[in-house]
Amino acid sequence: MSSGDNAVRELIYRSCRCLDTHDFDGYIALCAPAFRYRIVVYSPELRKEMIWLNHDRDGLAALLAAVPRHLARLGSLQRNATVYAIERDGNGGPARAVSAFSVFDIDNEGRPSVFAVGHYHDAVDEGGARPLLVARDVRLASRDLGIGSHVPI
Amino acid sequence: MPSRSAATWEAPPPLPDGHYVSGRVYRDERMFAEERERIFKKVWHFVCHESEVAEAFDFRTVERADTPLIVVRGGDGRVRAFVNVCSHRGARVAMEPGGNARSFTCFYHHWTYDTEGACVSMPRPEGYRGTPVRKENMGLREVRTEVKWGFVFVNLDDDCAPLDRFLDGALDIFDRVLPDADLEVFHYHRAEIDANWKAYQETIVDLYHEFMHVILRDTQMPAASMDDREMRTYANGHVTIAGLKADYEKYEGWRRRDHSTCLPGLDPDDARFAPLFPAQTFIARGTVMRVDTVQPITPHKCLIESRGLGLKGESPEDRAMRIDHHNEYWGPFGRNVTEDAFAAEGCELSFGKGAAPHGIIARDEDGRGQCDSGLRGFWAEWSRRMGRPASHPTND
Ligand code: FES
Ligand SMILES: [Fe+2]
């Protein structure tokens, strides 16, 4: 396990923690200027892939900044991720990391339920002083999210 | 007198019948069962769009009035619907949400049905010698099906009036969009929420709750005069809302919608709604359409199905734009729908256990502004079909 791998892992876990705690500035600071965020879901009904969210860094920053203005779901979402694999092409391209995640919905009374399950497919730029996310595809395995969420996964 | 006693809280509001709703309609088990028989088994239901069964032998499985259905395009190009229940011993026939199949073989004893509903084979039929059980009379139950402007509707009542009579022209509100546009579904999601189905459907008809949504406060309420709005009610409880406008760029991070990419007959800032009775809603916002249905599960749970539609064959750039516009408002991460679901669940917290004796639907703005005439139209039809006035549905 290289120190590079550790740094990528730490980046991914930190991104979860930032969204859990609504530290949205902290989340955006983990993203490179060219960052692209998508939520991708396969629909067996349509037999097609769907895009449920698609933003560049600025678009995501605007979306997150507006969250406190909105009528919010109660309680909190808590992300739990495990980095499965980190791969590099050997030519200086971004590292590719695949992580499994589950998101728990903790309601106002503290009752937990599963909100969503899926995988992060991340591209990570390791060229700078610290690794930065250049792309995140959130691939949801679960498709019924109840009332949904203003905060992305 | 700033607060109220138990007596004034429980007493019917001093309003005419039809201007308030009893809280019982959201929780009573008997009424819930009656709704299935008197409403959901009698009305036309939108089940899917033709683009979901575009090719011969494409099928979708859905459920209406607790009845599982297969919607399938036959080899002859016609879309038909069947109850998705095996004639033999009642097993579900098609299990997948969608697919392409020239025939459906029941997993249990392998009776096989074609896409026109005929039972075409059963293993070892000689065992039924001397009985009337023959594949010739063991087909699937077919359900009344009509396709209007690409939207597939079914009715579980074999004796129902035709779809157009049921719609009463309510979908004409979309002008050229439905007749002229070749639409295609690009988004589908289901969401089970903890609310009575009517509480969610009411969020669509209730314009007064615009204040709840940041995006409507920013983009819709200031964009046009309240007097330009037109809420209409139709026979059979349908409602339409026209004259809504939205300046999308007024919400931080959103851009103006472009004229060239609008759906036919719409301006980019146009918003039109057609909540059809009992719980199916067509919405167009300039560039994109959404169609929702709500299915009752229990008095306290319902299933929302939501579709987003764009133009078939459009460029990848236009499709991506339409998906973005859809997702700004709608979908599980949209700024609007999650708040409506929250509202329905918030009402369930009080109606669900009887803590709220009544709901008031008495705003009268002459079908403009934030008038409750649509809600009154919905409840009038509910009352008519149920044989119970929603204001006092029980004698006790
Ligand atoms: S129940 Fe379907 S073949 Fe027996
Ligand atoms: Fe709403």
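Donors are defined here as N, O and S atoms within 2.8 Å of the metal (3.2 Å for Na, K and Ca), and since water is not among the atoms, sites may look incomplete. The structure is a predicted model, in which local features need pLDDT of at least 70 and side-chain atom pairs count only at pLDDT 80 or more, while totals for chains, interfaces and linings use all residues. Residues are numbered from 1 along each chain as its sequence is written, and side-chain values use heavy atoms, with hydrogens and water left out.

The iron ion (ligand 2) has as protein donors NE2 of B:His209, NE2 of B:His213 and two OD entries of B:Asp340, at 1.9 to 2.7 Å. Along the chain, these donors follow the spacing H-x3-H-x126-D. B:His209 is buried (under 20% relative accessible area, 1.4 Å probe, protein chains only), at 17% relative accessibility. B:His213 is also buried, with a relative accessible area of 0%.

Chain B places 37 residues in contact with 34 residues of chain A, contact meaning heavy atoms within 4.5 Å. About 2900 Å² is buried between the two chains, and carbon and sulfur atoms give 59% of this area; buried area is the accessible area (1.4 Å probe) that two parts lose on being put together, summed over both. B:Phe333, B:Arg335 and B:Phe342 supply 27% of the area that chain B buries against chain A, more than any other three residues.

Three salt bridges are found across the interface of chain B and chain A, each a side-chain nitrogen of Lys or Arg within 4 Å of a carboxyl oxygen of Asp or Glu. One salt bridge joins B:Asp58 to A:Arg47, with the closest N and O atoms 3.3 Å apart.

Note on methods
Chains are lettered from A and ligands numbered from 1 in the order in which they are written. Buried means under 20% relative accessible area, exposed over 50%, partly exposed in between (1.4 Å probe, protein chains only).
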